[in-house]
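User: I am new to reading side-chain contacts, and I would like to be taken through some of them step by step. Could we begin with charged pairs and then turn to aromatic rings?

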Amino acid sequence: MQRFKCAIFDLDGTLLYTLTSINKAINEALRICGYPEHSLERTVDFVNFGSVELVRRALPEDKRYEEEVMRVHEIYFPILKKYASDGTKPYDGITDVCKELKNNGIVLCVMSNKPQAAAQTCIDTYFEEGLFDIVRGSVPGEFIKPDAKFTLDVIRQAGCKKEDCILIGDSIVDLQTANNAGCPCIWVKWGYGNESNIGGVPEYAADKPEDILNIILKA
């Protein structure tokens, strides 16, 4: 009898490579506002914390006050839609892994700090209809990762108990999210995180998407 009944996936850096689109969008927003742009490699440090925090981190340190962050964010968000498909693609093998989990009766959820509309559009565009049972992105004024309330609400929506759930993600935010909610986590090594910045050794780690199957179905 398998231990887990629900798999909760992060989106950016776990299911989808999206860094090119994010980099192009934030750089255009910064250029419009007269600020320096960033390399693809530098942009990695801005992701996983939600779009507002991404903008804050991308701005020069002396321009990170709330009014300016929100002004630039209002410019950034519609630009992100324009570049949404630039370089974006599922990681090799991840779609087949999700299908196999689904075939084994696992409830599949997506939980992202990406805005809700953008998260849903990504799933609708790059994965077949019905593969994921729940897609949850961020909504203004509501909790985001790593707050446990976000995770526990997704678990309730999935009709599961937290002890039946496992989170899958690439960043320290995902590990913190799992810890705060009291769930185990699989850290995936192909995303935007690395061993120097994830803040400790995770309970599970996946070198490639197929490792997720072995962890979830054989745990």
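User: Which side chain does Glu37 meet in a salt bridge?

Analyst: The model is predicted, and what follows should be read with that in mind. In general, side chains of opposite charge can pair when their charged atoms come close. Here the side chain of Glu37 meets that of Arg31, with 3.0 Å from N to O. Glu37 is partly exposed, with a relative accessible area of 40%, and Arg31 also counts as partly exposed, at 46%.

User: How many salt bridges does the structure hold?

Analyst: There are 17 salt bridges in the structure, and some of them share partners: Glu53, Arg56, Arg57 and Glu66 are joined in this way into one network.

User: Which acidic side chains does Lys145 meet in salt bridges, and is Lys145 buried or exposed?

Analyst: Lys145 forms a salt bridge with Asp10 at 2.9 Å, N to O, and another with Asp174 at 2.8 Å, N to O. Lys145 lies in the loop between β5 and α7, whereas Asp10 is in the loop between β1 and β2, 135 residues apart from it. Asp174 belongs to helix α8 (residues 172-181), and 29 residues separate Asp174 from Lys145. As for burial, the cut-off is under 20% relative accessible area; Lys145 has 4% and is therefore buried, Asp174 counts as buried at 4%, and Asp10 is buried as well.

User: Turning to the rings, why is the pair of Phe9 and Phe132 called edge-to-face?

Analyst: The angle between the ring planes decides this, since planes over 60 degrees apart count as edge-to-face. The planes of Phe9 and Phe132 stand at 80°, with the ring centres 6.3 Å apart, so this pair is edge-to-face. Phe9 lies in strand β1 and Phe132 in the loop between α6 and β5, so the pair ties together parts that are 123 residues apart in sequence. Phe9 counts as buried at 0% relative accessibility, and Phe132 does so at 9%.

User: Which residues do ring pairs link into a cluster?

Analyst: The cluster consists of Tyr17, Tyr91, Trp190 and Tyr192. Within it, the rings of Tyr17 and Tyr192 have centres 6.4 Å apart and planes at 75°, so they too make an edge-to-face pair.

User: Where does Arg57 lie with respect to the ring of Phe49?

Analyst: Arg57 lies over the face of Phe49, 3.7 Å from the ring centre. A further case is Lys149, whose charged end sits over the ring of Phe143, at 5.0 Å from its centre.

Key:
Residues numbered from 1 in each chain as written. Predicted model: local features only at pLDDT ≥ 70, side-chain atom pairs only at ≥ 80, totals over all residues. Heavy atoms only, no water. Phe/Tyr/Trp six-rings, centres within 6.5 Å; stacked < 30°, edge-to-face > 60°. Helix = DSSP H or I, 4+ residues; strand = E, 2+ residues; numbered from the N terminus. Buried < 20%, exposed > 50% of the residue type's maximum accessible area, 1.4 Å probe, protein only. Lys NZ or Arg CZ within 6 Å of the ring centre and 35° of its normal. Salt bridge = Lys/Arg side-chain N within 4 Å of Asp/Glu carboxyl O.
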